[in-house]
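Could you walk me through this structure, showing how each kind of feature is read before turning to the case at hand?

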Amino acid sequence: MGPALTYHAALSPVFALRGDVVLADIDPDTRGLDPKALQAVLTEHTKVITVVHQWGHPCDMDAILRIAERHGLRVLEDCSHAHGSRYKGRPVGTFGDAAVFSLQANKAVYAGEGGILVTSDPQVHDRATLLGHYRDRSRDAVLDEDLRAHWVTGFGLKLRMSPFNAIVARHALAAFPARKEARHRCLRHFGERLGDVTYLEPVHIADHVDMGAWYGYKPLYRPEALGGVPRSVLIEALRAEGMEVGAPSSPRLSTLPLYARPENPLFPGTPKKGITPETGSHAEHVERHALSLPTFTNWPDDTKLIDQYAEAFHKIGRHREALVRYAADPSR
Ligand SMILES: *Cc1c(COP(=O)(O)O)cnc(C)c1O
C-alpha cells in the first residue's frame, strides 16, 4: 500500500509482480502518507507499506514504523525526492526494510538513468543482488550460501545500471553537498519573499526535518484569497509575467488506468481490485491547488531571479480585481 498522490513509479512495479496496490490519503503538510489514513486501509492482505518522502519532506516515520511493527508489515522507502533528507537527525533510507533512490537525470544526485537500493536486511540484500545480477557480482556479494548457489544465473534477469552512468553519479554525489546548501539558501529566500502573499499557503516544513535535495517547491493556492480566480488563470497570469510556473504534472494514482481498471494489463485475465478515485481527500485538494515553482540552485546568483518571481506574485495580488474580471470573461 502507498500514498494516493505521488509519482506513479514508486508503486507501479507492484503490478509487474501481479500484486495489488491499495492507496491511502496523504498528510497535506508532509505531502506523504498520512499514518491515520494508512491505518484505516490496512487489511489482512497488506504486506508492504511504501512511503515516498515527497518533494524531500520525510514522512511521519515514528507513526508509520509503529503501525508496521504492530501489524508485522515491511516498510519500503522511496527516497528519490529526498536525497540527503533527515527525519529527527537520521537520514531517510535508514528507517525501512529497504529504500530506493532514483538517480534519473532530474534527481538531485543523478546518473542519467539508474538507481540505488539500500538495506540492512541480509535476505533483501542477497535476493536483490540475485534479481539484478548474474555471475560475478552475485558470486562475490551474496552472503547466504544456499542463495549463492544461483550465482551463475541469478534469478534470470540482469537489471544493473550502466557503469558509465555510475561514474556520472559519483561526480554528482561529490557536487551534492554544495548543491544542497545552495538550494536551501535559495528556497529559504524564496519562502521569505512569498511570506506575505495571502493567496499562497506557505510550504510547511516541520522543525525536526531537513529537506535534503528539496526536489520540488509546491505551495498551495488559496483561490478564496484571490477572488475565486481559478488556478489555471493564475498560472496564465504568472506565465504572462515570464514565470515558469505550472500545475504539478502527476495526477492522483486512482485516476490512472493501470491503477483504476480491474484487470492487470501485463497479465490479461488476472483480476485486481481496481481503485475508485477518492473525492474530498487531501490528495485531491493538493492535486487541485498546488503550484509548481522552480527550485533554483545557484546562490547567490539566483537571488535576482527569485525576487522577480516574488514580485510577479505580489503584482498579481495588487491587480486582483482585474484578474477577477478577466477570469469571468477571458474574451474581454
Ligand atoms: C523519479 C522517481 C521514480 C522513478 O525513478 P526511475 O529511476 O526513473 O525509475 C520513482 N519514484 C519517485 C518518487 C521518483 O521521483
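What follows is a dialogue between a learner and a teacher on a predicted model.

Q: Which residues are around the ligand?
A: The shell is made up of Tyr-7, Ala-9, Ala-10, Val-52, Asp-78, Ser-80, His-81, Ser-102, Gln-104, Lys-107 and Gly-114. Sorted by class, the residues around the ligand are four nonpolar, five polar and two charged.

Q: Which side chains have an N or O atom at a short listed distance from an oxygen or nitrogen atom of the ligand?
A: For a polar contact one looks for N or O atoms within 3.5 Å of each other. Here a ligand nitrogen is 2.6 Å from an N or O atom in the side chain of Asp-78, while a ligand oxygen is 2.6 Å from such an atom in the side chain of Ser-102. The side chain of Lys-107 also takes part, with an N or O atom 3.2 Å from an oxygen of the ligand. As for cover, the ligand taken alone exposes 380 Å², of which the protein buries 77%.

Q: Is Glu-284 buried or exposed, and what does its side chain reach?
A: A residue is called buried when its relative accessible area is under 20%. Glu-284, which is placed in helix 10, residues 282-289, has 9% relative accessibility and therefore counts as buried. A polar atom of its side chain lies 2.8 Å from the backbone nitrogen of Gly-280. If neighbours within four places in sequence are left aside, Glu-284 is in contact with Arg-252, Glu-278 and Thr-279.

Q: How many aromatic pairs does a search of the whole structure find, and how is the geometry of one such pair read?
A: The search finds ten aromatic pairs. In one of them, the ring centres of Phe-190 and Phe-296 are 5.5 Å apart and the planes stand at 85°, so this pair is edge-to-face; the reasoning needs the cut-off that planes over 60 degrees apart count as edge-to-face. Since Phe-190 lies in helix 7 (residues 163-194) and Phe-296 in the loop between helix 10 and helix 11 (303-318), the pair ties together parts that are 106 residues apart in sequence. Phe-190 counts as buried, at 0% relative accessibility, and Phe-296 is buried as well, with a relative accessible area of 8%.

Q: With which other ring does Phe-296 form an aromatic pair?
A: Phe-296 also forms an edge-to-face pair with Tyr-309, at 5.6 Å centre to centre and with 80° between the planes. Because Phe-296 is in the loop between helix 10 and helix 11 and Tyr-309 is in helix 11, this pair ties together parts that are 13 residues apart in sequence. Both Phe-296 and Tyr-309 are buried. Ring pairs link Phe-190, Trp-214, Tyr-217, Phe-296 and Tyr-309 into a cluster.

Q: Which residues of helix 4 are buried, and what covers them?
A: An α-helix has 3.6 residues a turn, so residues three or four places apart point the same way. In helix 4, which spans residues 122-132, Asp-126, Thr-129, Leu-130 and Gly-132 are buried. Their cover includes helix 5 (136-141) and helix 6 (145-148). At the start of helix 4, a side-chain oxygen of Asp-121 comes to within 2.8 Å of the backbone nitrogen of Gln-123.

Q: How far apart are Asp-196 and Ala-310 in sequence and in space?
A: The two are 114 residues apart in sequence, whereas their C-alpha atoms are 9.9 Å apart in space. Asp-196 is placed in the loop between helix 7 and strand 9 (200-201), and Asp-196 is exposed, with a relative accessible area of 56%.

Q: Where does the backbone have a cis peptide bond or a positive phi in a residue other than glycine?
A: Most residues other than glycine have a negative phi, and most peptide bonds are trans. In this model, the peptide bond from Trp-299 to Pro-300 is cis, with omega near 5°, and Pro-300 is found in the loop between helix 10 and helix 11. Arg-31, in the loop between strand 2 (23-24) and helix 2 (35-41), has a positive phi of about 65° and counts as buried at 10% relative accessibility. Trp-55, whose phi is near 60°, is in the loop between strand 3 (48-52) and helix 3 (61-71), and Trp-55 is buried, with a relative accessible area of 19%.

Notes:
Residues are numbered from 1 along each chain as its sequence is written. This is a predicted model: local features need pLDDT of at least 70, side-chain atom pairs count only at pLDDT 80 or more; totals for chains, interfaces and linings use all residues. Side-chain values use heavy atoms; hydrogens and water are left out. A residue is near a molecule or strand if one of its heavy atoms lies within 4 Å of it. A polar contact is a pair of N or O atoms within 3.5 Å; within protein, one must be able to donate a hydrogen and the other to accept it, and residues adjacent in sequence count only if both atoms are side-chain atoms. Accessible areas come from the Shrake-Rupley method with a 1.4 Å probe; for residues, only the protein chains shown count as cover. Ala, Val, Leu, Ile, Met, Phe, Trp, Tyr, Cys and Pro count as nonpolar, Asp, Glu, Lys and Arg as charged, and the others, Gly among them, as polar. Helices (H or I, at least four residues) and strands (E, at least two) are DSSP runs, numbered from the N terminus. Buried means under 20% relative accessible area, exposed over 50%, partly exposed in between (1.4 Å probe, protein chains only). Contact means heavy atoms within 4.5 Å. Rings of Phe, Tyr and Trp (its six-membered ring) pair if their centres lie within 6.5 Å; planes under 30 degrees apart count as stacked, over 60 as edge-to-face and the rest as tilted.
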